[in-house]
Amino acid sequence: MTDLLLQISAVILAVSIFIAVYRVAKGPSMPDRVIALDNIGINLISLVAVVSLILETTAFLEVMLLLGILAFIGTVAFSKFIEKGVVIERKRD
Amino acid sequence: MLTALHIAIVAPFIAAVFVPFLYKKLPKIHTGWFVLTIPAILFVYFLQYLPVTSSKQTVTAVWDWIPSLGIHFTAHVDGLGLLFALLITGIGMLVVLYSIYYLSKEREALNNFYTFLLMFMGAMLGVVLSDNLIVLYTFWEITSLSSFLLISYWYEREKSRYGALKSMLITVMGGFSMLVGFVMLYAMTGTFSIQEIIASAGDITSHDLFIPAMLTILLGAFTKSAQFPFHIWLPDAMEAPTPVSAYLHSATMVKAGIYLVARLSPVFAFSGEWMWIVAGFGIVTLFWGSFSAVQQTDLKGILAFSTVSQLGMILSMLGVGAAAIHFDSMDDNLYIGATTAAIFHLINHATFKGSLFMMAGIVDHETGTRDIRRLGGLMTVMPITFTIAVIGSFSMAGLPPFNGFLSKEMFFTAMVDITSFQAFNMDSFGVLFPVVAWVASIFTFIYSMMLVFKTFTGKMQPEKLDVKPHEAPFGMLLSPIILVSLVIVFGFFPNILAYTVIEPAMASILPSLLGEGEQFYVDIYFWHGWTIELYMTMGVIGIGTLLYLSLRKWVAVYDVFPSSLTLNHIYDQTVAGVEKVSSQLTGAYMTSSIRHYLLYIFSFFVVALVFVLFNKDAFSVDGATAPISVYEGVLAAVLVTTALVVMFTRSRLKAIIGLGVLGYTIALFFVIFRAPDLALTQLIIETVSVALFLLCFYHLPQISRKLENMRFRAGNFIVSLAVGLTVTLIGISANSSRLFESIAGFFPEASYDEAGGKNMVNVILVDFRGFDTLLEILVLAIAAAGIFTMIKLRLAGRNDL
């Protein structure tokens with residue numbers, strides 16, 4: 001029963017990733033794509049968690065944490081890039 | 001062991017080192033005087049070997065050079081080697097003496113001249129006294145090199161450089177071919193020693209490599225000795241200073257090929273091919289050289305072609321002399337005489353041609369020109385030079401009582417005798433030999449007469465000369481006087497050479513004929529009786545005189561040949577054509593476009609791998625694969641979709657983000673294939689790479705930022721498809737044919753028991769295979785330092801650093 005539920009949720013997550021990928025490919029504007037990418041990141045975290053459960057291992061907990069950090073940093077960096085044109089600003093002196 | 005003989009051979013090289021010091025430190029004394037001592041001492045030293053060689057003994061001294069390869073510096077003195085050594089040192093001595101007066105101390109770079117000349121002398125001694133083929137080849141190339149340097153002595157002149165390059169290209173081509181022949185000889189006999197090869201000569205005549213070895217070695221000999229059609233470098237080498245022409249291009253270097261033919265006669269001469277090729281090329285060269293010499297208007301040009309022709313004559317006699325080997329003994333062996341004649345003429349040619357070159361140099365030096373159209377009437381002004389010219393030229397033309405007459409008679413004898421030789425078609429086609437020889441001798445007579453009478457008789461034309469002509473200083477005349485004295489001495493008393501020099505040299509060329517304690521019978525004399533040779537000589541003189549007197553009427557025959565068919569033209573076209581074709585060829589594929597180079601690399605990759613895969617029957621598929629789970633299928637679908645998006649997208653940004661998605665998907669693959677460390681690393685690295693791509697994207701120049709569709713190219717598509725297929729095929733084959741059990745079973749146990757870690761990947765990285773990790777850290781360090789340098793270090797704005 002649990003196995004079936006886990007597999008169903010993995011499929012749902014995968015479908016949502018597909019939808020987000022479509023948005024990345026299609027997305028009329030740049031922010032659309034960035035949001036979709038962020039969405040993919042979060043979905044990936046969930047997917048890794050589900051897969052960890054299916055594989056019955058705790059080895060991928062770091063992966064989930066890391067994905068969370070990267071998704072955040074990545075989204076912030078993209079946003080700054082879209083907003084200001086640069087990611088790291090030069091020091092003013 | 002290093003002996004006095006070795007030191008004698010390399011003495012000129014050692015002396016050459018000191019020449020520049022003497023030139024700088026003692027500028028008051030002409031450097032040539034110091035140099036003169038070297039050949040003089042060596043000449044006396046080699047004279048001491050005359051009693052040894054004339055009593056049929058040889059001297060061999062071995063000094064190990066590369067013993068593991070069978071290469072020893074073996075000095076071997078026998079009759080032939082000694083004859084050449086005496087020529088080299090003797091004429092060398094006279095040439096150095098002549099050059100002291102010929103080259104000005106103030107105006108010329110004497111240090112260069114004498115260094116090159118001594119280098120050449122040592123190399124030449126090495127060629128004729130080496131018993132080891134590789135050592136011989138080494139010295140052979142040094143003669144080419146030093147000859148190149150000497151021809152271009154006046155390197156500021158265009159024609160000197162042209163002549164030097166031409167002679168270098170032709171002689172080095174021959175030299176390389178000779179090396180190939182030497183290696184083939186080694187392959188057949190297992191030794192580089194000439195004496196040992198001669199000893200096993202009988203065993204190799206039916207070997208497959210026998211004919212190729214003979215041809216390649218003969219190519220080397222023919223190019224060096226300026227045989228048709230490789231003679232074209234010699235006339236252009238006349239841009240060298242006259243002492244060089246006298247020494248290298250008449251007496252010594254051009255005879256290196258003759259030496260090689262004579263030296264290897266015992267190895268090859270039993271075959272009919274050798275006889276026909278050597279004698280045939282010799283006789284053609286004889287005719288062509290003498291025929292072309294008549295056309296020349298430059299004194300040294302005439303002498304160059306005459307050298308070509310006389311060398312052909314010597315070579316043809318050596319070829320004919322090979323007939324002697326087909327008889328077991330010396331009794332009634334007519335053909336031995338040809339070899340005698342070859343050696344005798346070799347000596348004679350060195351004497352009269354050396355003196356004639358020096359004569360031409362004197363005329364040039366005292367009148368400012370060598371053009372016979374501007375010269376004339378010098379007989380009364382330069383009586384001694386005139387005498388030298390008369391003796392030298394008449395000897396060259398083959399007139400009595402000079403030594404040229406004797407060798408020409410012997411030459412005719414050899415050519416007539418060969419027609420009765422009963423093998424290799426000599427008795428049918430051989431009749432051409434005396435006919436061509438006779439016609440060539442007529443031309444020899446004509447140009448010899450031109451040399452004397454056009455230069456020294458007739459009316460003097462002082463208005464055409466830059467300086468007022470006068471007799472040369474005595475020092476300059478000394479060397480040619482000594483040489484023409486030798487012409488006369490050898491003419492009247494030829495037998496002083498017979499058993500001292502000629503007979504031992506013949507013993508080296510025809511060793512198989514001599515039994516124990518026997519020697520060749522050499523007796524050279526003027527009067528043969530009323531023989532066919534005498535009538536031939538009379539015919540040469542009669543017809544030659546008539547033709548010389550009517551020269552003006554038939555000289556137009558030379559214009560009949562189209563200039564586009566001359567050998568020089570063909571050579572020039574070939575050199576230019578090779579350059580053009582190779583630059584076109586290089587330009588055709590070296591397009592500087594990385595796209596093209598990648599195309600070559602990938603195409604080669606595909607062709608080579610697919611060929612090997614199917615040619616070696618290495619392709620295999622077996623069904624033993626793990627079951628495919630649904631997750632893998634889904635991820636693979638994501639992967640393929642994103643890859644297609646990256647390929648076909650219009651925008652670069654989309655491509656970059658697509659790449660990011662690809663990377664993250666791969667990280668997911670790592671997750672489901674249970675590789676947490678890889679997944680972690682992959683995620684971070686992918687994020688950083690995407691950021692870097694974005695950085696690059698942002699800095700694209702405005703002008704080409706216009707977003708376009710990827711252009712579709714069928715070629716690229718096919719190649720990329722082929723690469724993908726190839727890699728897939730190889731992957732499948734490799735997976736299906738595992739030869740050994742994996743060593744992975746070792747690590748799970750060992751990583752805890754031996755290394756004390758539970759994370760197997762990390763234990764492998766830092767413990768079992770820590771060395772790779774160390775170097776990968778180094779790679780990252782280099783990359784970081786490289787990026788820093790590229791950003792900071794701009795040569796244009798160095799101060800910003």
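This is a short tour of a predicted model, going through chain A and then chain B.

**Whole model**

Load everything before selecting anything. The prediction scores ipTM 0.78 and pTM 0.81.

**Chain A**

Select chain A and colour it by secondary structure. Three helices and zero strands appear, and the order along the sequence is α-α-α. Aligned to its principal axes, the box filled by the C-alpha atoms of chain A is roughly 60 × 30 × 10 Å. The radius of gyration of chain A is 17 Å, whereas a compact globule of 93 residues would have one near 12 Å.

Next, highlight residues 6–25, 37–55 and 61–82 of chain A. An unreviewed UniProt entry gives these stretches the feature "transmembrane region". Take two of them in turn:

- Residues 37–55 of chain A are 100% helix and 0% strand, with the end C-alpha atoms 26 Å apart.
- Residues 61–82 of chain A are likewise 100% helix and 0% strand, and here the end C-alpha atoms lie 32 Å apart.

**Chain B, overall**

Switch to chain B. It holds 33 helices and two strands. Its C-alpha atoms occupy a box of roughly 115 × 65 × 55 Å along the principal axes. For 801 residues, a compact globule would have a radius of gyration near 28 Å; the value for chain B is 38 Å.

Now colour chain B by pLDDT. The average is 85, and 94% of the residues score at least 70. Where in chain B is confidence lowest, and where is it highest? Select helix α19, residues 426–429 of chain B, for the lowest mean, 66. Then select helix α33, residues 770–792 of chain B, for the highest, 93. Coordinates should not be read in detail where pLDDT is low.

**Residues 66–113 of chain B**

Select residues 66–113 of chain B. According to an unreviewed UniProt entry, this is the "domain: NADH-Ubiquinone oxidoreductase (complex I) chain 5 N-terminal". The stretch is 58% helix and 17% strand, and its end C-alpha atoms are 32 Å apart.

**The loop between α10 and α11 of chain B**

Move to the loop that joins α10 (210–224) to α11 (233–236) in chain B, where P229(B) is found. Show the backbone as sticks. The peptide bond leading from F228(B) to P229(B) is cis, with omega near 0°. A226(B) also sits in the loop between α10 and α11 of chain B. Its phi is positive, near 55°, although the residue is not glycine.

**A helix pair in chain B**

Finally, select helix α17 (residues 383–397) and helix α20 (residues 432–456) of chain B. Their axes come within 8 Å and cross at roughly 170°. Angles over 145 degrees count as roughly antiparallel, so α17(B) is roughly antiparallel to α20(B).

Show the side chains at the contact. On the α17(B) side, select T385(B), F386(B), A389(B), V390(B), S393(B), F394(B), M396(B) and A397(B). On the α20(B) side, select T444(B), F445(B), Y447(B), S448(B), M449(B), L451(B), V452(B), F453(B) and F456(B). How many nonpolar, polar and charged residues does the contact have? Between α17(B) and α20(B) there are 13 nonpolar and four polar residues, and no charged ones.

Key. Residues are numbered from 1 along each chain as its sequence is written. Chains are lettered from A and ligands numbered from 1 in the order in which they are written. This is a predicted model: local features need pLDDT of at least 70, side-chain atom pairs count only at pLDDT 80 or more; totals for chains, interfaces and linings use all residues. Side-chain values use heavy atoms; hydrogens and water are left out. Axes are lines fitted to C-alpha atoms, for helices over the stretch in contact, and angles run from 0 to 180 degrees between N-to-C directions. Helices (H or I, at least four residues) and strands (E, at least two) are DSSP runs, numbered from the N terminus. Angles under 35 degrees count as roughly parallel, over 145 as roughly antiparallel, 65 to 115 as roughly perpendicular and the rest as oblique. Contact means heavy atoms within 4.5 Å. Ala, Val, Leu, Ile, Met, Phe, Trp, Tyr, Cys and Pro count as nonpolar, Asp, Glu, Lys and Arg as charged, and the others, Gly among them, as polar. UniProt positions are given in the numbering used here, feature names are shortened, and annotations may be inferred rather than shown by experiment. pLDDT is the predictor's confidence in each residue, from 0 to 100. The radius of gyration is taken over C-alpha atoms; the globule rule is 2.2 Å times the number of residues to the power 0.38.
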